[in-house]
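Subject: Structure handover

Hello,

Here is the structure I promised to pass on. Please open it alongside this note, which goes through what turned up.

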Amino acid sequence: ECRRVRLRCGALDWRLFEDVAHADRWLEIWLMESWTAHLREEGRLTDSDRAALARAAALQKDGGAPEAVRYLNVPHEMF
């Protein structure tokens, strides 16, 4: 469901990784074209999308919110 939501909202790619050192830890990664596209992503979410993401977030063991980390692509030509 998360994959469908992310791709429908503009993601170029989506992946789910399991931490082999911690079988109960998972990492969801999706790639947006730009920071602007990421900012627009929230506005594209439907109520159904929000419900799907909430179901996934509810899988947190401690009941807290999933950790969110954001990275920006830096073209290698800059270095």
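Arg 6 is buried, at a relative accessible area of 12%. The model is predicted, so please read everything below in that light. Arg 6 sits in helix α1. Beyond four places in sequence, Arg 6 touches Ala 11, Trp 14, Glu 28, Trp 30, Glu 41 and Leu 53. Two glutamates, Glu 28 and Glu 41, are on that list.

Leu 7 is in helix α1 too. Is Leu 7 buried or partly exposed? Leu 7 counts as partly exposed, because its relative accessibility is 29% and the cut-off for buried is under 20%. With neighbours up to four places away set aside, Leu 7 contacts Leu 12, Asp 13 and Trp 14. Ser 34 is 27 residues from Leu 7 along the chain, and their C-alpha atoms are 14 Å apart.

Trp 14 appears in the contacts of Arg 6 and in those of Leu 7. What else does Trp 14 touch? Leaving out residues up to four places away, the full set is Cys 2, Arg 3, Arg 6, Leu 7, Glu 28, Ile 29 and Trp 30.

Next, the core. Nonpolar side chains tend to be buried together in soluble globular proteins. Here the largest nonpolar core has 7 residues. They are Cys 2, Val 5, Cys 9, Trp 14, Leu 45, Ala 52 and Leu 53. Which elements give two or more residues to this core? They are α1, residues 2-8, and α3, residues 47-57.

Ala 52 is the α3 residue to look at here. Ala 52 is buried, with a relative accessible area of 1%. Outside its neighbours within four places, Ala 52 is in contact with Glu 1, Arg 4 and Val 5. Val 5 is another member of the core. His 22 lies 30 residues from Ala 52 in sequence, with 24 Å between the C-alpha atoms.

Now the cysteines. The core includes Cys 2 and Cys 9. How many disulfides does the structure hold? The count is 0. Why is Cys 2 not bonded to Cys 9? The closest cysteine sulfur to that of Cys 2 is in Cys 9, and at 11 Å it is too far for a bond. A pair must lie within 2.5 Å to count as a disulfide. Cys 9 is likewise in no disulfide, with the sulfur of Cys 2 as its nearest, 11 Å away. Both cysteines count as buried: Cys 2 has 14% relative accessibility, and Cys 9 has 1%.

Two aromatic residues are worth a look.

Phe 17 is in strand β1, residues 13-18. Phe 17 is partly exposed, with a relative accessible area of 40%. Residues up to four places away aside, Phe 17 touches Arg 25, Trp 26, Leu 27 and Ile 29. Ile 29 is 12 residues from Phe 17 along the chain, and the C-alpha atoms are 8.1 Å apart.

Trp 35 is in helix α2, residues 35-44. Trp 35 is partly exposed, at 41% relative accessible area. Setting aside residues up to four places away, Trp 35 touches Arg 70 and Leu 72. Between the C-alpha atoms of Trp 35 and Ala 54, 19 residues apart in sequence, there are 23 Å.

Finally, the chain as a whole. The protein chain has 3 helices and 2 strands. In sequence order they run α-β-β-α-α. The C-alpha atoms fill a box of roughly 40 × 35 × 20 Å along the principal axes. Of the 79 residues, 18% count as buried. Among contacts with a separation of 6 or more, 40% are between residues 24 or more positions apart.

On the surface, the accessible area is about 6600 Å², and 56% of this belongs to carbon and sulfur atoms. The chain carries 12 positive and 14 negative charges, and their mean positions are 4 Å apart.

Best wishes

Definitions and conventions: Residues are numbered from 1 along each chain as its sequence is written. This is a predicted model: local features need pLDDT of at least 70, side-chain atom pairs count only at pLDDT 80 or more; totals for chains, interfaces and linings use all residues. Side-chain values use heavy atoms; hydrogens and water are left out. A nonpolar core is a set of buried Ala, Val, Leu, Ile, Met, Phe, Trp, Tyr and Cys residues joined through side-chain atoms within 4.5 Å. Buried means under 20% relative accessible area, exposed over 50%, partly exposed in between (1.4 Å probe, protein chains only). Helices (H or I, at least four residues) and strands (E, at least two) are DSSP runs, numbered from the N terminus. Contact means heavy atoms within 4.5 Å. Accessible areas come from the Shrake-Rupley method with a 1.4 Å probe; for residues, only the protein chains shown count as cover. Lys and Arg count as positive and Asp and Glu as negative; His and the chain ends are not counted. The place of a charge is taken as NZ of Lys, CZ of Arg, CG of Asp or CD of Glu.
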